[in-house]
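Work through the exercises below with the model open. Each task is followed by a solution in steps.

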Amino acid sequence: MRKLLLLVLILFPLLLFTNAICEENAVLYQSDFSSGSDGWYARSTGGARLKTTQDGTLAITGRSDNWHSPGRDFALAQGVRYELSVQVRQSEKAQARFMFSVAHSLGGFESYENLGSATVKKDEWTTITGSYTAGLFDRFVLYVETSDAPSAGFEIRDFRVTSAELVFAEEETIPALKDVYAGRFDFGTAVTFSELFNAERMAFYASQFNIMTPGNEMKPDYILDVFKSAQLAKTDETAAAVRFDSVKPLLDYAKVNGIKVHGHVLVWHQQTPEAFFHEGYSPAKPLVSREVLLARLDNYVKNIMTYLDENYPGVVVSWDVVNEAIDDGSGKLRDSKWLTIVGEDYVARAFEIARRHAPEGTLLFYNDYNTAILIKQMGILNLLKELIPEGNIDGYGFQMHHDVSFPSTMQIAESVRRIAETGLKLRVSELDVTIPDMSEESYARQAKMYAQIMNTLELYKDQLLAVQVWGVTDDLSWRASQYPLLFDGKAQPKPAFWAVVDPSSSL
Ligand code: XIL
C-alpha cells in the first residue's frame, strides 16, 4: 500500500507535466546559432552576408533590398498548420518594419506570402509571430525581411516553428463509424478543400466515413462563374456559367475512395454571389425578372448536373436543393432575393428544376436548422406539406448544429418524430454539439448529448439515410472555439466519439 502511495506521489506530478505539455504545441525547430549558421543562408542578389555572433544571434549585413534576408529551407507538410516566431533587433533606424515570410515553390516556380509583421524599435529585441498552413508546394523557405529598411543590417535569434501534433488513429485501431452503422445508415462528414493537403488526415477520413459533403465548395459562391456568366449575359441574360476547380479535388478523392457525396447547396440566401440576381450579372444594375432568375437557375442546375454526370457518374447521390428557407422568428419564408424576385413558390420551382436535371435516382432534400424549435418546425412542416404533393422532394435534412445546453434532447426527439411523420426520407446533414470548454465535465455532457441523439436517430433507421458530422477535428470546425466535434485538435477520439460508437455507454 505504502509502495503504491509512493508510486502515485512520484507519478502524479509527472502525469500533470505530461498533460501540460500535451496541451502545448510540439517544437519542431528552434534556431541555435552557437556553432554556426544552422542551415540559414543569405537571400540576395549578391552582397548580403550572414555572420553568427558570440551571444548566439545571426546577423545580416550588406543588404540593398527589402527582401535581402536570412532564410532557411524547412520541410513542411502540406495541410499542416505551423505557428512561427522570431526575435529581431536592428540598430540603424529609430524604427523599422519587419516581416517574416515564406517563399514557396512548386516545380521551381516561386511565390511568396507574408506571415507576420512588427515594428522594431532601435536596439530593442522584438518578437514577430504568425502562422502558416502549408499549401501545395514542394519547397518552403522561411525568411525575415524588412518593408521600409532595404539596407539596414539586423540580427535574429530564437526562430521557432511549432505545430500541434496530429496523430490519426490507424485503420482498425478504433472502430469505424461507417462500419458501426453499416446496414442502418451511412455515416459521414463535411470536408473542405484545404483538408485534402494532409494525406494522413484524408486516409483517416476514408477509414471512418462512407459519405461526405464539401463544406463550402459546392455552394453558389464557388460554383457560379460570375465573370463568364456576365460575358454570356451580353447575348443571353439566362445563361449561367459554372466552374468546378475547388470541388474537383474533393470529388476525385471521393471517387477514388468509393465515398458517396452529398451536394450542398443549390438555392440559399447565403454564399450566393449578389450578381446572380442582377441584370448583366452586375450588382450595380437592376434586379432581373422572375422569368430570368428561374431560367438562370435552370441553366445553373442543368450545367452542374451535366458536368457531374459526365465526369463523376454516380458519385453525388443526393442534394440539398434549398437550404434554410424558413425564418426562425415567424416560421414563414425568410426574406431573401429568391423570395423577392421569384415569389412564394421559389422553393417548389427550385425542386422542380432540380428534379428535371438530376440524374435518375438522385435524392433531393430540403435542409434547415433549428428544427427542434417549435415555431420554426411548424414553418418547415408547412413548407414540406406544400412540396410533397408535387413529387419533387425526397427528404428532409436536419442540420443539428446544437449546443450541449440547448435544445433539449426531448425537443430534438420530438422534432425528428414530427418530421418523420411526413413519410419523407431523413438525413442529419451537419451534426455538431458545442461545449463551453475542454473540461472533463463538458466532454462528458457532450458525449451524453451525442449518445442521446444517436439513440433517437436509431429509431428511424428505416427512413434515415445518413448521419453526417460537420467536420472531424475540433481545430478545423466552423465553431472551433466551442469544441463541437468527435475528435480533438490533435485528432484524438473524444468521449463524444465513443458515445457515437456505443450510445448505451454514455447515456
Ligand atoms: C459553414 C461552413 O462550415 C463555413 O466554413 C462557412 O464559412 C460558412 O458556412 N449551415 C449550412 C452550412 O448549411 O453551409 C454552413 O457551413 C453552416 C451552417
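**Exercise 1. Decide whether Glu324 is buried or exposed, then describe its backbone.**

Step 1. Glu324 has a relative accessible area of 9%, so it is buried (under 20% relative accessible area; exposed is over 50%, partly exposed in between; 1.4 Å probe, protein chains only).
Step 2. Place Glu324 in the loop between strand E15 (316-323) and helix H8 (337-342). Helices (H or I, at least four residues) and strands (E, at least two) are DSSP runs, numbered from the N terminus.
Step 3. Read phi. Glu324 is not a glycine, yet its phi is positive, about 55°.

A note on the numbers: this is a predicted model, in which local features need pLDDT of at least 70 and side-chain atom pairs count only at pLDDT 80 or more, while totals for chains, interfaces and linings use all residues. Residues are numbered from 1 along each chain as its sequence is written, and side-chain values use heavy atoms, with hydrogens and water left out.

**Exercise 2. List the residues around the ligand and sort them by class.**

Step 1. Collect the residues near the ligand (one heavy atom within 4 Å of it). They are Asn216, Lys219, His264, Trp268, Gln271, Asn323, Glu324, Gln399, His401, Glu430, Trp470 and Trp478.
Step 2. Sort the shell: 3 nonpolar, 6 polar and 3 charged. Here Ala, Val, Leu, Ile, Met, Phe, Trp, Tyr, Cys and Pro count as nonpolar, Asp, Glu, Lys and Arg as charged, and the others, Gly among them, as polar.
Step 3. Return to Glu324, which belongs to this shell and has the positive phi of Exercise 1.

**Exercise 3. How far are oxygen atoms of the ligand from side-chain N or O atoms of Asn216, Asn323 and Glu430?**

Step 1. Apply the limit for a polar contact: a pair of N or O atoms within 3.5 Å.
Step 2. For Asn216 the distance is 3.0 Å.
Step 3. For Asn323 it is 2.9 Å, and for Glu430 it is 2.9 Å.
Step 4. Now take the cover. The ligand alone exposes 410 Å², and the protein buries 75% of that. These areas come from the Shrake-Rupley method with a 1.4 Å probe.

**Exercise 4. Find the cis peptide bonds at Val265 and Pro407.**

Step 1. Start at His264, one of the residues around the ligand. A cis bond joins His264 to Val265, with omega about 15°.
Step 2. Locate Val265: strand E14 (residues 260-267).
Step 3. Go to Phe406. Its bond to Pro407 is cis, with omega near -10°.
Step 4. Locate Pro407: the loop between strand E18 (401-403) and helix H11 (409-420).

**Exercise 5. Which sign does phi of Tyr281 have, and where does the residue lie?**

Step 1. Phi is positive, near 55°, and the residue is not a glycine.
Step 2. Tyr281 is in the loop between E14 and helix H7 (290-311).
Step 3. Tyr281 counts as buried because its relative accessibility is 3%.

**Exercise 6. Characterise Ser207 and Ala241.**

Step 1. Ser207 is in helix H3 (residues 199-208). Its relative accessibility is 9%, so it counts as buried.
Step 2. Its C-alpha atom is 9.4 Å from that of Asn257, 50 residues apart along the chain.
Step 3. Ala241 is in the loop between helix H5 (226-233) and helix H6 (248-257). At 8% relative accessibility it counts as buried.

**Exercise 7. How many helices and strands does the protein chain have?**

Step 1. Count 13 helices and 20 strands.
Step 2. Of the 507 residues, 51% count as buried.

Notes:
A polar contact is a pair of N or O atoms within 3.5 Å; within protein, one must be able to donate a hydrogen and the other to accept it, and residues adjacent in sequence count only if both atoms are side-chain atoms.
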